[in-house]
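User: I would like to learn how to read salt bridges in a protein model, going from the pairs themselves to their surroundings. Could you take me through one example?

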Amino acid sequence: MRILVDADACPVVKIIEKVANENSIPVILFYDTSHSTQSDYSEIVIVSKGADAVDYALISKLKSFDIVVTQDYGVATMALTKKAYVINQNGREYTTENIDRLLFERHMAKKIRESSSKSHLKGPRKRTDEDNKIFEMEFEKLINRIGGSNDK
């Protein structure tokens, strides 16, 4: 088992590395060339900047029973077809049971936005320490549920 992170704009990388280190699980962080970072724990993969370049690089390295951290429903869908576990930065697990509904809701929201005369949308609220605690708790629960060991 490994943890692969769609790390562009991921606010929980340090939490992922902390929990992974405690459980001896390797982490691979995927960034495009517009980001500069380093890590004492994770392997870092830098890919060319381009539409979905990070997504495809992550999926190409993915194996069954890996964990993927992403907020991208497309990446989540592809990861689920490869029998991976998928969680977002808020601690919500994507599953074969909920991904179709989430994709449909996203589609409907886009349709509503396109039909509205208002095109200005309010951005997401500021991330809080409580959000980070919830992610860490849910991430640890996922690792514990699937075994937490690196034997898979």
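**Reading the salt bridges**

Analyst: In this predicted model, Glu-93 is partly exposed, its relative accessible area being 22%, and its salt-bridge partner is Arg-145, with the closest N and O atoms 3.0 Å apart. The two residues belong to distant parts of the chain, since Glu-93 lies in strand 6 (residues 93-94) and Arg-145 in helix 5 (residues 129-146), 52 residues apart. Arg-145 is exposed, at a relative accessible area of 53%.

User: How many salt bridges does the structure hold?

Analyst: There are six, and one of them pairs Lys-14 with Glu-17, where the closest N and O atoms are 3.7 Å apart.

User: How far apart are Lys-14 and Glu-17 in helix 1, and is Glu-17 buried or exposed?

Analyst: The general idea is to look at the spacing along the helix and then at accessibility, where under 20% relative accessible area means buried and over 50% means exposed. Lys-14 and Glu-17 are three residues apart in helix 1 (residues 13-22), which means a separation of about one helical turn. Glu-17 has 9% relative accessibility and therefore counts as buried, whereas Lys-14, at 59%, is exposed.

User: Which residues are joined into one network by salt bridges that share partners?

Analyst: Lys-18, Glu-22 and Glu-136 are joined in this way. Within that network, Lys-18 and Glu-22 form a salt bridge whose closest N and O atoms are 3.5 Å apart, and the two residues, four apart in helix 1, are separated by about one helical turn. Lys-18 is partly exposed at 39% relative accessible area, while Glu-22, at 52%, counts as exposed.

Notes: Residues numbered from 1 in each chain as written. Predicted model: local features only at pLDDT ≥ 70, side-chain atom pairs only at ≥ 80, totals over all residues. Heavy atoms only, no water. Salt bridge = Lys/Arg side-chain N within 4 Å of Asp/Glu carboxyl O. Buried < 20%, exposed > 50% of the residue type's maximum accessible area, 1.4 Å probe, protein only.
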